[in-house]
Amino acid sequence: MTLPLTPSQTVGPFFRIGLATTIGAHVAGEGTPGAVRISGQVFDGAGEPVPDGLIETWQAEGAGRCPTDDEGHFAIVTTKPARNAVDHSGVEAPHLDVSVFARGLLTRLVTRMYFPDEDEANAADPVLGSLSDAERATLVAVTDDGGLRFDIHLQGARETVFFDR
Amino acid sequence: MPASSRSVHPPNDSPAYGSSLLRAPKQPLRVHPGRLGELTAPLLAGETIGTLDHDLTRQHDGEPLGERITISGRVLDEDGNPLAGALIEVWQANASGRYAHLSDQHQAPLDPNFSGAGRCLTDAEGGYRFITIKPGAYPWRNHPNAWRPAHVHFSVFSPAFTQRLITQMYFPGDPLFAQDPVLMSVPDEESRQRLVARWSLELTEPEWSLGYAWDIVVAGRQATPLDDDAPE
């Protein structure tokens, strides 16, 4: 049996009413060994911050959720996931799966955040390996002020690579 | 991959929806080589849902104004399996078409007895049920004299990454559908109709409230773009 899917619709501008509190930005509690703060900004095609976006991260250890603030900033505290074993395409480097929702996006965007201190694993990663250097750079976080920074560009010269769900 | 599987979702490149112009990515989406469908995360560790969180009419001292309704249905995957324990979150405008949100500037009254948010976990059969009031239509500035049809925002959150869905539920017979670029962004009429709830006599409580039935179908747990050519 295959049932037809329910279509997606935009999260709209007022999602904080319903999505603010249930799932938080701490996948790992403060003080958890290995905990890292991942922050970033979401930008639109004019280079302006997106103040009404919603970022969710996904990994075996749990999910995190953070709305962007007036300047497009989000921050999630988590730990680096273990390597993911995958099929014939290779062994994936540690990464977070990331969903982006916002007014103006009718269907969620899916991307990935890789870790900058995993040169060897990143070099062997089949997803990163399928991209150009410039594209790959959009998916690897940079170290920043004791944590990691992962900016998301919805459009433009530095447009983040997004995946087909 | 079955052609039916993902084409139901609206393309982000939908220029009739003005907010998409600077936000929809310009580059094509990449096909994912990994086994995304197998990605699961533990859901809601330590999270609790209040016993009245599903009842948007009982969150204040008094009852909200508006037409009292029940919305109920099941959440299934495309293989027909119920999603048990999925987190369903809803939010909506009040009966006047105004959200209890600082950014909503619509000149319609707020209702001190209505916050417009609810949540619940699906039961073993994937069932959910919300009690609320029917939201009003409201104007927005997408195009001249643009009005959103009455709708309730739904978020479905299960442990499988591919099943994540945020959408909107509409009410049957609304004359505003054809001028709404958000609903009309869904490519075909049959798919659009799946966003419209059905009035249900069974869910209608005599001398109390109207009932609407609405089922939600999300992707299968193992759905990946490579399913068709994956090795056995």
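A residue counts as exposed if 12 or fewer other C-beta atoms lie within 10 Å of its own, and as buried if 20 or more do. Keep that in mind while you work through this predicted model.

**Exercise 1. Work out whether Asn145(B) is buried or exposed, and say where it sits.**

Step 1: Count the neighbours. Asn145(B) has 7 other C-beta atoms within 10 Å.

Step 2: Compare with the cut-off. Exposed means 12 or fewer, so Asn145(B) is exposed.

Step 3: Find the place. Asn145(B) lies in the loop between strand E5 (138-140) and strand E6 (146-148) of chain B.

Step 4: Check the backbone. Most residues other than glycine have a negative phi. Asn145(B), though, has a positive phi, near 55°.

**Exercise 2. Do the same for Glu207(B): is it buried or exposed?**

Step 1: Here the count is 4 other C-beta atoms within 10 Å, so Glu207(B) is exposed.

Step 2: Glu207(B) belongs to the loop between strand E9 (198-199) and strand E10 (210-213) of chain B.

Step 3: Its phi is positive too, at about 55°, although Glu207(B) is not a glycine.

**Exercise 3. Describe how chain B is put together, and find which strands stand at the edges of its four-stranded open sheet.**

Step 1: Start with the inventory. Chain B has three helices and 11 strands, and along the sequence they read α-β-β-β-β-β-β-β-β-α-α-β-β-β.

Step 2: Lay out the sheet. Its four strands come in the order E3-E2-E7-E8 (chain B), with antiparallel pairing.

Step 3: Look at the ends of that order. Strand E3 (117-121) and strand E8 (165-170) of chain B each have a single partner strand, so one side of each has no neighbour in the sheet. On average, neighbouring strands here are turned by 20° against each other, direction ignored.

Step 4: Zoom in on one pair. Strand E7 (residues 151-157) of chain B is joined to E8(B) by six bridges, and Phe154(B) stands opposite Thr167(B) in E8(B).

**Exercise 4. Say how many residues each chain gives to the contact between chains A and B, and what kinds chain B supplies.**

Step 1: Chain B gives 69 residues and chain A gives 56.

Step 2: Now see which parts of chain B take part. The elements giving two or more residues are helix H1 (4-7), strand E2 (87-92), E3, E7, E8 and strand E11 (216-218) of chain B.

Step 3: Sort chain B's side by type: 35 nonpolar, 21 polar and 13 charged residues.

Technical notes. Residues are numbered from 1 along each chain as its sequence is written. Chains are lettered from A and ligands numbered from 1 in the order in which they are written. This is a predicted model: local features need pLDDT of at least 70, side-chain atom pairs count only at pLDDT 80 or more; totals for chains, interfaces and linings use all residues. Two strands pair if DSSP finds at least two bridges between them. Axes are lines fitted to C-alpha atoms, for helices over the stretch in contact, and angles run from 0 to 180 degrees between N-to-C directions. Two residues are in contact if their C-beta atoms, placed from the backbone, lie within 7 Å. Ala, Val, Leu, Ile, Met, Phe, Trp, Tyr, Cys and Pro count as nonpolar, Asp, Glu, Lys and Arg as charged, and the others, Gly among them, as polar.
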